Amino acid sequence: FVPRRLTKKNGVIYPALAMPAVLKEFPNTRLIYAGSGEALSEIKKIVAENGLENSVDLLGAVAHDKVKDYYALADVALVPSVHSAGVEEATSISALEAMGSGSPLVACAVGGLKEIIEDKEDGLLVEEKNVQELAEAIIFLLKNPEKGEEFAAKARQKIEDEYSHLAAAEKYEEIYLSALGRK
């Protein structure tokens, strides 16, 4: 599942490029994109060139309240961000949502993703634009669902502990008390 705006910096072409290798190991795999953007035509071209029409779903924009249903169905969530025109991912809302969803996450090791995800602990980090490494990470999680569940549980706990509204409130309280000299 790729819950991303379909833009170059989000690296959305790479899951489609990885699909032929994934399909060799898991022929019933479906790649689902939820998002719209200018990279849609490039993804469609990759799908057509590789005969992936029956394995890739391009849903377009999906209402936020419906995205959770796709996370629930997903065996793997993908956030394949890349450096693009001097820009890199900061704090990825898609990665945080994936980590909170219960789906194991594969993301590229760029920008803030390296800060959010601890590789092989609460998700998998792969080299950006490395189609083979991305495919291998997806295949690993499909072959080892118990490991994916372990990553997803740790990711969910991290979201609750560090990124939830309750965690944010505690951090703000600490700052205010410190500023008031009452720590």
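Glutamate 49 and lysine 45 pair up in a salt bridge, with 3.8 Å between the closest N and O atoms. The model is a predicted one, and this pair sits in helix H2 (residues 40–49). Because glutamate 49 and lysine 45 are four residues apart in that helix, about one helical turn separates them. Both partners are out in the open: glutamate 49 is exposed, with a relative accessible area of 54%, and lysine 45 also counts as exposed, at 52%.

Across the structure, the salt bridges come to nine. Helix H7 (residues 145–163) holds another of these pairings, where the side chains of lysine 147 and glutamate 150 meet. Here the N-to-O distance is 3.2 Å. The spacing along the helix is three residues, so lysine 147 and glutamate 150 are again about one helical turn apart. Lysine 147 is partly exposed, at 28% relative accessible area, and glutamate 150 falls in that class too, at 33%.

Further along helix H7 comes the pair made by arginine 156 and glutamate 160, whose side chains form a salt bridge at 2.9 Å, N to O. These two residues are four apart in the helix and therefore separated by about one helical turn. As for accessibility, glutamate 160 is partly exposed, with a relative area of 37%, and arginine 156 is likewise partly exposed, at 41%. Some salt bridges also share partners, and in this way Glu121, Lys147, Glu150 and Lys154 are joined into one network. Lysine 147 and glutamate 150, the pair described above with a 3.2 Å contact, thus belong to that network by way of shared salt-bridge partners.

Turning to empty space, the largest pocket encloses about 290 Å³. Its lining is made up of 16 residues, and those closest to the pocket centre are Phe1, Thr29, Arg30, Asp75 and Val76. Several secondary-structure elements contribute two or more residues each to this lining: helix H1 (13–25), strand E1 (31–33), helix H3 (64–73) and helix H6 (131–143). In chemical terms, the lining of the largest pocket breaks down into 12 nonpolar residues, two polar ones and two charged ones.

Definitions and conventions:
Residues are numbered from 1 along each chain as its sequence is written. This is a predicted model: local features need pLDDT of at least 70, side-chain atom pairs count only at pLDDT 80 or more; totals for chains, interfaces and linings use all residues. Side-chain values use heavy atoms; hydrogens and water are left out. On a 1 Å grid over the protein atoms alone, a cavity is a set of points where a 1.4 Å probe fits but cannot get out, and a pocket is an open set with protein on both sides within 12 Å along at least five of seven lines; lining residues have an atom within 4 Å of a point. Grid points are joined across faces, edges and corners, and a volume is the space filled by probe spheres set on the points. Ala, Val, Leu, Ile, Met, Phe, Trp, Tyr, Cys and Pro count as nonpolar, Asp, Glu, Lys and Arg as charged, and the others, Gly among them, as polar. A salt bridge is a side-chain nitrogen of Lys or Arg within 4 Å of a carboxyl oxygen of Asp or Glu. Buried means under 20% relative accessible area, exposed over 50%, partly exposed in between (1.4 Å probe, protein chains only).
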